[in-house]
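Here are some short exercises to work through with the model open beside you. Try each task before reading its solution.

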Amino acid sequence: MTSPAARPDFPTFLPPGSASVQWCAACGAEWPERHAAPQCATCGGLLEARHAAPAHVDGTPLTGAALRASFAQHCCARPLGHPSGVWRFAEIVMPSVVVPAVSDNHARDTIVSWPEGNTALLQRRAISQYVGVDALWVKHEGMNPTGSFKDRGMTVGTTQAVRVGASAVACASTGNTSAALAAYAAQAGLPALVFVPTGQVALGKLTQTLAYGARTLLVRGDFDDCLRLVQDASRELGIYLLNSINPWRLEGQKTIVFELLQQLGWDAPDWIVLPAGNLGNTAAFGKALREAHALGLIDRVPRIASVQAAGAAPFAASFADGFRTRTRVQAETLATAIRIGDPASHDRAVDAITFSDGCVLSVSDEEILAAKRVIDAAGVGCEPASAASIAGARALVRDGRMRAGDRVVAVLTGHVLKDPGILVRMHQDAAFPSAPPNAPIEIDASVSAVAAVLADDARRRAMTAHD
Ligand code: F0G
């Protein structure tokens with residue numbers, strides 16, 4: 001148990017024209033942008049990318065309005081646009097990279113992009129009613145190319161891997177990071193090595209990783225063991241580490257926030273709610289909001305609510321203790337994506353919650369499944385961990401911290417097909433605690449058999465109406 005160290009001072013943006021740096025939030029050391037070690041070579045602390053304030057060619061900083069107009073212009077429009085929801089924000093993600101315009105067929109290989117991002121911001125009455133908030137938007141990051149938000153971080157991380165001349169890339173993962181890494185490494189032509197906890201990765205994620213060609217190591221241990229192992233292995237074997245401790249991953253993940261703010265016309269919501277595991281995304285959201293506010297893109301800061309599964313809630317325990325202690329637990333939850341007991345980005349996530357006057361809470365597996373059922377039945381769908389954001393928002397309304405009139409964005413982090421195993425259990429295993437199931441019905445190949453099913457359904461509906 002340790003108290004988070006006070007962060008040394010460092011400006012949110014450097015003077016116009018400065019080269020980006022990688023800054024150690026633990027000891028204050030600065031490393032050049034293309035320094036290849038993903039952690040501070042002095043103290044082992046986590047690094048953050050810091051960029052020059054975006055400016056006109058004469059060096060005058062861009063106003064928030066000018067920057068908003070520039071982002072709008074990059075939004076796929078020819079000739080200046082790019083079809084990625086990450087690289088549209090290149091000025092504040094990786095300014096030194098030359099992002100090719102849509103019309104430029106020759107410069108495409110300066111970045112490793114699928115493209116990714118540009119995910120939908122949805123409103124669905126059934127989900128709003130379940131949460132108890134009218135103005136609820138769902139930002140569906142499962143609509144990314146490999147089915148999770150990890151693609152946003154991986155496009156930037158892999159681009160950096162190529163820039164530093166990496167010979168191979170690696171990550172530890174509960175499944176989604178490894179799927180994204182495998183896809184982007186394949187595109188970049190880099191060998192990829194992934195470390196996943198054996199027996200704990202959802203089928204969709206594991207099979208994606210195999211399909212995209214990454215070497216997949218099933219480690220006898222949990223995610224926290226995998227992360228320790230990959231850190232040691234990458235240090236000793238010179239493999240470029242692409243977990244979310246890598247600062248460039250977070251630069252890409254910041255764009256979830258920039259994009260949702262842009263979709264809301266830069267009228268910031270009251271809350272942004274997200275599921276939390278290793279805390280990379282919570283940290284990225286905090287950095288995005290700090291920067292968006294400093295640049296005048298928004299005039300007030302939404303509160304971040306990080307939601308953990310009750311069996312894997314070390315950050316929620318630390319929050320309850322006023323962040324005086326850093327808690328570690330032996331994690332257990334059926335939301336395997338967030339089955340993490342010792343989150344690596346703890347300190348920078350503390351900063352995100354503190355800066356945004358946010359909060360951290362936990363929800364039970366039963367609450368996660370109940371929320372997933374509502375999201376799935378609305379025709380939206382998500383993997384179990386993602387449903388923690390909706391379960392968390394509902395809990396915040398119930399305990400009075402979130403009001404029915406608040407404007408809320410809940411992030412769904414992964415696609416419904418990521419975890420087919422849980423769907424089979426939910427809908428075909430009578431003993432599974434999430435009734436009512438929707439089991440498939442085997443019939444003879446006859447219209448009368450179809451008519452019998454319809455009649456049975458009508459009878460059931462009539463009985464429910466009378467209850
Ligand atoms: N939701 C999903 C679907 C995830 O896959 C993850 C993390 C999270 C939420 C939590 O994000 O770790 O930044 O707090 N998945 C990682 C992985 C750990 O390996 O795919 P976080």
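**Exercise 1: The ligand shell**

Helix α8 gives the largest share of the shell around the ligand, 3 residues. Keep in mind that this is a predicted model.

Task: Find which helices each supply at least two residues of the shell, and sort the shell by class.

Solution:
- Start with the count: 23 residues surround the ligand, and the closest are Ser173, Asn176, Asn278, Thr413 and Gly414.
- Next, look at the helices: at least two shell residues each come from α4 (176-188), α8 (280-294) and α12 (384-398).
- Finally, sort by class: the shell holds 15 polar, 6 nonpolar and 2 charged residues.

**Exercise 2: A pair of strands**

Task: Work out how strands β7 and β8 run, and trace the chain from β7 to β8.

Solution:
- Locate β7 at residues 192-197 and β8 at residues 215-219; the two run parallel, joined by 5 bridges.
- Pick one bridge: Phe195 has Leu217 in β8 as its partner.
- Now follow the chain: it leaves β7, passes through helix α5 (residues 203-211) and reaches β8, making a right-handed β-α-β crossover.

**Exercise 3: The nonpolar core**

Task: Identify which helix gives the most to the largest nonpolar core, then list the contacts of Ile390.

Solution:
- The largest nonpolar core has 129 residues, and those touching the most other members are Val169, Leu181, Val194, Val257, Val273, Ala388 and Ile390.
- Helix α12 gives the most to this core, 8 residues.
- Setting aside neighbours within four places in sequence, Ile390 contacts Ile127, Tyr130, Val131, Ala371, Ile375 and Ala410.

Note on methods: Residues numbered from 1 in each chain as written. Predicted model: local features only at pLDDT ≥ 70, side-chain atom pairs only at ≥ 80, totals over all residues. Near = placed C-beta within 6 Å. Helix = DSSP H or I, 4+ residues; strand = E, 2+ residues; numbered from the N terminus. Nonpolar A, V, L, I, M, F, W, Y, C, P; charged D, E, K, R; others polar. Pairing = 2+ DSSP bridges. Right-handed = clockwise from strand over helix to strand, strands pointing away. Core = buried A, V, L, I, M, F, W, Y, C linked by C-beta atoms within 7 Å. Buried ≥ 20, exposed ≤ 12 C-beta atoms within 10 Å, placed from the backbone. Contact = placed C-beta atoms within 7 Å.
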